[in-house]
Amino acid sequence: VAKDAPKQQSDNRLSYEAEKQLMKQRRKVERRVEENERAVNELESAIAAIEAIMSTPEGGADAANYERYASLKKQLNEAMNEWEASMEELESLETNK
C-alpha cells in the first residue's frame with residue numbers, strides 16, 4: 001500500500017496540472033469570445049450608421065458609402081465566423097471537463 005501512495009500523489013499532481021492547464025486555456029478562449037463579441041457589436045453599429053447615411057438623398061448618391069457598407073458587411077461576416085469558431089471551441093472545452 002505504501003508503494004501506491006507515490007503513484008497516487010503523482011496521478012493527483014498530473015490531474016491538478018492538467019486541470020490548471022485546461023482552466024488557463026478556457027480563460028484564453030473566453031477572452032477571445034468577448035473580443036469577437038465586441039468586434040461584432042462595433043461593426044453592427046458602424047453598419048447601422050452607414051445605413052442611416054445611405055438612406056438620405058445625399059448619402060444614397062455617394063458611391064463611397066456603398067463601398068464602405070460592403071466592406072463593413074464583409075468584416076462583419078468574418079467577425080461572426082471567428083465568434084462562432086471561438087464559441088465552438090469554448091463549448092468543446094466545457095464538455096471535456
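Which residues does Leu93 touch, not counting residues up to four places away in sequence? In this predicted model, Leu93 touches Leu22, Gln25, Arg26 and Val29. The answer becomes clearer once the overall arrangement of the chain has been set out.

The protein chain has 3 helices and 0 strands, and from the N terminus on its elements follow the order α-α-α. Two of these helices are the subject of most of what follows: helix H1 covers residues 4-54, and helix H3 covers residues 63-95. Contacts in the chain reach far along the sequence. Of those with a separation of 6 or more, 67% are between residues 24 or more positions apart. Of the 97 residues in the protein chain, 19% are buried. The chain exposes about 7500 Å², and carbon and sulfur atoms supply 51% of that area.

Helix H3 may be considered on its own before its partners are described. With 33 residues at 1.5 Å a residue, H3 should span 48 Å, and this agrees with its end C-alpha atoms, which are 48 Å apart. At the start of H3, a side-chain oxygen of Asp62 comes to within 3.0 Å of the backbone nitrogen of Ala64. Further along, the buried residues of the helix are Asn65, Leu72, Leu76, Ala79, Ser86, Leu90 and Leu93.

Several of these buried residues reappear in the nonpolar cores. The largest nonpolar core has 8 residues in all: Val40, Leu43, Ile47, Ile50, Met54, Leu72, Leu76 and Ala79. H1 and H3 are the elements that give two or more residues to this core, and the largest share, 5 residues, comes from H1. Apart from this core lies another, of 5 residues, among them Val29, Val33, Leu90 and Leu93. Met54, a member of the largest core, is also in contact with Gly59, Gly60, Asn65, Tyr66 and Tyr69, when its neighbours within four places in sequence are left aside.

What does Asn36, a residue found in helix H1, contact beyond its neighbours within four places in sequence? Its partners are Glu82, Trp83 and Ser86. Asn36 has a relative accessible area of 9% and is therefore buried, as a residue counts as buried under 20%. Ser86, one of these partners, is among the buried residues of H3.

The discussion can now return to Leu93. This residue lies in helix H3 and, at 10% relative accessibility, counts as buried. Leu93 and Arg26 are 67 residues apart in sequence, yet their C-alpha atoms are 6.6 Å apart in space. Val29, which Leu93 touches, belongs with Leu93 to the core of 5 residues. Arg26, which Leu93 also touches, leads to the charged side chains.

By the rule applied here, the count comes to 3 salt bridges. In one of them, Arg26 pairs with Glu30, with the closest N and O atoms 3.4 Å apart. These two residues are 4 residues apart in helix H1, so about one helical turn separates them. In general, an α-helix has 3.6 residues a turn, so residues three or four places apart point the same way. Glu30 is partly exposed, with a relative accessible area of 27%.

Arg26 also forms a salt bridge with Glu94, at 2.6 Å from N to O. Because Glu94 lies in helix H3 and Arg26 in helix H1, this pair ties together parts that are 68 residues apart in sequence. Glu94 counts as partly exposed, at 33% relative accessibility.

A further salt bridge joins the side chains of Arg32 and Glu89, at 2.3 Å from N to O. Here too the partners lie in two helices, Arg32 in H1 and Glu89 in H3, so the pair ties together parts 57 residues apart in sequence. Arg32 is partly exposed, with a relative accessible area of 29%, and Glu89 counts as partly exposed at 30% relative accessibility. Through shared partners, salt bridges join Arg26, Glu30 and Glu94 into one network.

Taken together, these details describe how H1 and H3 meet. H1 and H3 each give two or more residues to the largest core, while the pairs Glu94 with Arg26 and Arg32 with Glu89 tie H3 and H1 together through salt bridges.

Terms used
Residues are numbered from 1 along each chain as its sequence is written. This is a predicted model: local features need pLDDT of at least 70, side-chain atom pairs count only at pLDDT 80 or more; totals for chains, interfaces and linings use all residues. Side-chain values use heavy atoms; hydrogens and water are left out. Buried means under 20% relative accessible area, exposed over 50%, partly exposed in between (1.4 Å probe, protein chains only). Contact means heavy atoms within 4.5 Å. Accessible areas come from the Shrake-Rupley method with a 1.4 Å probe; for residues, only the protein chains shown count as cover. A salt bridge is a side-chain nitrogen of Lys or Arg within 4 Å of a carboxyl oxygen of Asp or Glu. A nonpolar core is a set of buried Ala, Val, Leu, Ile, Met, Phe, Trp, Tyr and Cys residues joined through side-chain atoms within 4.5 Å. The expected span of a helix is 1.5 Å times one less than its number of residues. A polar contact is a pair of N or O atoms within 3.5 Å; within protein, one must be able to donate a hydrogen and the other to accept it, and residues adjacent in sequence count only if both atoms are side-chain atoms.
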